[in-house]
Amino acid sequence: IVRYARMIRLTRFLRLFTELDMMLKGFVSAMRAMVWASLMLVVILTLFSIMAVELLHPIAQRVTETGIWNDCDRCQRAFSSVMQSNLTFLQQIIAGDSWGQVSLPIIEEEPAAAVFLIFV
């Protein structure tokens with residue numbers, strides 16, 4: 001209860017500085033929009049991951065049989081489940097890591113897979 005009283009006093013104090021109050025309200029509003037946008041991106045990425053398990057995992061199994069990914073631990077299971085596909089897409093899109101190591105052998109095995117990977 002004491003903390004809430006301090007918060008109320010703080011908001012009264014902030015009203016004295018209208019510019020600071022306006023900046024904080026803008027920050028809170030922008031954070032709200034960023035949270036909703038992040039949630040939407042996670043949902044869309046999960047939908048693409050579901051499709052990747054169905055479309056890319058069989059191709060990835062064929063690539064694994066050729067032995068191209070013998071030196072890569074994660075490549076063989078990159079699209080084996082929805083969670084693994086989510087991690088692969090996060091690694092490739094957000095971090096920009098291992099695009100050539102995972103996706104290029106799949107595209108070389110099945111060139112039509114490039115269309116799907118470009119849309120992701």
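Which residues are buried in helix 4? The legends below start there and then step back to the whole chain.

**View 1. The buried residues of helix 4.** In this predicted model, the buried set in helix 4 is Gln84, Ser85, Asn86, Thr88, Phe89 and Gln92. A handy reminder when looking at the spacing: an α-helix has 3.6 residues a turn, so residues three or four places apart point the same way.

**View 2. What helix 4 packs against.** The buried residues of helix 4 have three helical partners to look for: helix 2 (18–55), helix 5 (99–109) and helix 6 (113–119).

**View 3. Helix 4 end to end, and what follows.** Helix 4 takes in residues 82–94, 13 residues in total. From first C-alpha to last it reaches 17 Å, close to the 18 Å expected at 1.5 Å a residue. After the helix comes Gly96, with a positive phi near 70 degrees.

**View 4. Stepping back to the whole fold.** The protein has six helices and zero strands, so to speak a plain α-α-α-α-α-α read along the sequence. Its C-alpha atoms fill a box of roughly 70 × 30 × 20 Å along the principal axes. The radius of gyration is 23 Å, where a compact globule of 120 residues would have one near 14 Å. Of contacts between residues at least 6 apart in sequence, 60% join residues at least 24 apart.

**View 5. Surface and charge.** Buried residues account for 27% of the 120 in the protein. Carbon and sulfur atoms own 68% of an accessible surface of about 8,700 Å². As for charge, there are 10 positive and 10 negative side chains, and the centres of these two sets sit 29 Å apart.

Definitions and conventions. Residues are numbered from 1 along each chain as its sequence is written. This is a predicted model: local features need pLDDT of at least 70, side-chain atom pairs count only at pLDDT 80 or more; totals for chains, interfaces and linings use all residues. Side-chain values use heavy atoms; hydrogens and water are left out. Helices (H or I, at least four residues) and strands (E, at least two) are DSSP runs, numbered from the N terminus. The radius of gyration is taken over C-alpha atoms; the globule rule is 2.2 Å times the number of residues to the power 0.38. Buried means under 20% relative accessible area, exposed over 50%, partly exposed in between (1.4 Å probe, protein chains only). Contact means heavy atoms within 4.5 Å. Accessible areas come from the Shrake-Rupley method with a 1.4 Å probe; for residues, only the protein chains shown count as cover. Lys and Arg count as positive and Asp and Glu as negative; His and the chain ends are not counted. The place of a charge is taken as NZ of Lys, CZ of Arg, CG of Asp or CD of Glu. The expected span of a helix is 1.5 Å times one less than its number of residues.
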